[in-house]
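Please open the model in your viewer and keep the selection panel at hand. The stops below say what to select next and what is there.

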Amino acid sequence: MYHPPVAGNASTGVETHPLMPGPHPDAHAEPAAFAPAPAVAQAGRAAVAPAPVPPVDRLGRSIRDLRVSVTDRCNFRCRYCMPREVFGRDFQFLPRAELLTFEEIARLAGIFVDLGVRKLRLTGGEPLVRRDLHLLVALLAQIPGDPDIALTTNGSLLAAQVDRLRDAGLRRVTVSLDSLDDDVFMAMNDAAVPVSRVLDAAAAAGLSPVKLNMVVKRGVNEASILPMADFARERGHVLRYIEYMDVGNTNGWRMTDVVPAGEIVAAVDAVHPLEPLAPLYPGEVANRWRYRDGAGEIGVIASVTRPFCRGCTRARLSAEGQLYTCLFGTEGHDLRAPLRSPATDEELDAVVRRIWHGRDDRYSELRTLVTLDRPKVEMSHIGG
Ligand code: SF4
């Protein structure tokens with residue numbers, strides 16, 4: 001066990017496009033058969049304790065990804081995530097004492113890696129507003145098992161920190177960028193941050209390929225679909241289009257705001273012909289296409305028109321140590337209390353296993369106009 005050193009769809013009625021594949025291959029799959037490894041020693045050989053079996057949830061899904069929110073604060077006020085009229089001057093963000101320390105995050109991350117997690121993604125809020133984030137990356141990089149360490153950021157603070165982060169062990173960066181048009185971009189981030197600040201950071205990152213995430217909202221930035229594709233093609237960035245989702249309780253989501261993934265793919269394909277790519281691994285969130293001329297690829301995350309819950313292997317840890325098993329979860333599970341009780345690693349392992357065993361989340365498959373009113377955790381609290 002790793003101890004960090006003590007240091008400083010269907011129900012929505014949206015049609016998919018003919019270019020989009022049919023239902024997700026896992027969409028109606030039965031839960032995978034769960035067969036514990038045999039513990040019987042072979043004759044004539046000393047018995048060896050079997051490796052712990054990774055947990056699976058009630059739909060047969062394991063834990064492969066842990067998204068770690070390090071802060072609930074952000075320097076942007078994107079309309080779909082932290083609208084200014086809600087997250088204004090008087091909004092009470094988490095006090096510092098409530099946040100998990102870097103050592104606590106690294107200890108929990110080590111337990112998740114032992115349970116099967118392969119990718120650790122740092123999110124926020126905006127993760128780079130938390131001071132000295134590279135110290136956390138350095139702790140995560142020491143976890144045995146060589147987990148992939150990635151960061152999702154709005155990019156505005158990246159240039160000043162990217163060298164420290166990379167030297168500490170960061171492997172990959174995803175930059176959220178919703179338009180190349182300054183007027184559109186600034187209207188979306190509502191923080192007067194121009195595109196150039198984000199682009200400079202992405203270019204400076206040197207952690208290639210840089211991934212760009214673009215949330216597409218009808219009537220707001222759909223005109224940016226093609227310019228973003230051109231931009232990413234030219235620079236060798238990997239672009240992911242994301243359908244606008246009903247995250248949190250404050251973005252006033254309506255089905256008519258969604259530009260379906262099929263429409264996005266068709267728009268790009270009409271100018272730069274595409275062909276589908278096979279998933280890189282089971283449960284991959286993005287549907288991917290490559291340009292027929294070999295100039296890279298795009299992906300679409302079609303959470304609304306083509307939910308992928310049956311392949312969802314993500315857990316989310318909030319900045320104050322609540323574990324959420326779904327982006328649209330209502331309540332988290334407190335890991336900070338046992339962590340500070342203080343529980344042993346074995347006890348924490350058992351707590352996480354119990355939570356994961358009980359998981360049956362599949363919000364996007366169940367999404368209807370009725371579920372919109374269900375209270376949900378804010379995306380700024382647990383990352384996207
Ligand atoms: S809705 Fe929840 S269960 Fe479904 S893919 Fe998203 S996070 Fe996973």
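Helices and strands here are DSSP runs, helices being H or I over at least four residues and strands E over at least two, numbered from the N terminus. This is a predicted model, in which local features need pLDDT of at least 70 and side-chain atom pairs count only at pLDDT 80 or more, while totals for chains, interfaces and linings use all residues. Residues are numbered from 1 along each chain as its sequence is written.

**Whole chain**

Begin with a cartoon of the chain, which has 11 helices and 12 strands. Burial is judged by counting other C-beta atoms, placed from the backbone, within 10 Å of a residue's own: 20 or more make the residue buried, 12 or fewer make it exposed, and anything in between makes it partly exposed. By that count, 45% of the 384 residues are buried.

**The sheet**

Next, select the strands; two of them are said to pair if DSSP finds at least two bridges between them. The 12 strands form an open sheet with mixed pairing, in the order β7-β8-β9-β6-β5-β4-β3-β2-β1-β10-β11-β12. Its edge strands are β7 and β12 (333–334), each of which pairs on one side only.

From the β7 edge, move inwards: β7 and β8 run antiparallel and are joined by 3 bridges, with leucine 274 partnered by tyrosine 291 in β8. The strands β8 and β9 are also antiparallel, over 4 bridges, and here tryptophan 289 stands opposite isoleucine 298 of β9. In the hairpin of these two strands, with 5 residues between them, glycine 294 takes a positive phi near 85°. On its pairing with β6, β9 runs parallel over 4 bridges, and isoleucine 298 is the bridge partner of leucine 239. Because 4 of its 5 residues are buried, β9 is largely enclosed by the rest of the structure.

**Helix α7**

Now add helix α7 (residues 261–271), in which Ala261, Gly262, Glu263, Ile264, Val265 and Val268 are buried. Contact means that the C-beta atoms of two residues, placed from the backbone, lie within 7 Å. The buried residues of α7 pack against several elements, among them α6 (225–235), β5 (211–216) and β8 (287–291).

**The nonpolar core**

For the core, use this rule: buried Ala, Val, Leu, Ile, Met, Phe, Trp, Tyr and Cys residues are joined into one set through C-beta atoms within 7 Å. The largest such core has 92 residues, and Ala109 and Phe112 have the most contacts inside it. Helix α1 (residues 102–114) supplies the largest share of this core, 8 residues. Select phenylalanine 112 and, leaving aside neighbours within four places in sequence, you will find it in contact with Ile63, Leu66, Val117, Ala315 and Val352.

**Around the ligand**

Which residues are around the ligand? Taking those with a C-beta atom, placed from the backbone, within 6 Å of the molecule, select Phe308, Cys309, Cys312, Arg314, Cys326, Leu327, Phe328, Asp361, Arg362, Tyr363 and Ser364.

Within that selection, centre on cysteine 326, which is in the loop between β11 (322–324) and β12. Cysteine 326 counts as buried because it has 20 C-beta neighbours inside 10 Å. Beyond four places in sequence, cysteine 326 is in contact with Asp361 and Tyr363, while its C-alpha atom is 8.8 Å from that of cysteine 312, 14 residues away in sequence.

Then go to isoleucine 355 in helix α9 (residues 345–357), which is partly exposed, with 19 other C-beta atoms within 10 Å. Leaving aside neighbours within four places in sequence, isoleucine 355 is in contact with Leu323, Thr325 and His333.

**Backbone exceptions**

Most residues other than glycine have a negative phi, and most peptide bonds are trans. A cis peptide bond joins glycine 124 and glycine 125, with omega about 15°, and glycine 125 lies in the loop between β2 (119–123) and α2 (133–141). Another cis bond joins serine 341 and proline 342, with omega about -5°; the loop holding proline 342 is between α8 (336–340) and α9.

Finish with two positive phi values. Aspartate 146, in the loop between α2 and β3 (148–153), has phi near 55° and is exposed, with 10 other C-beta atoms within 10 Å. Alanine 192, in the loop between α4 (182–189) and α5 (195–204), has phi of about 60° and is exposed, with 9 such atoms within 10 Å.
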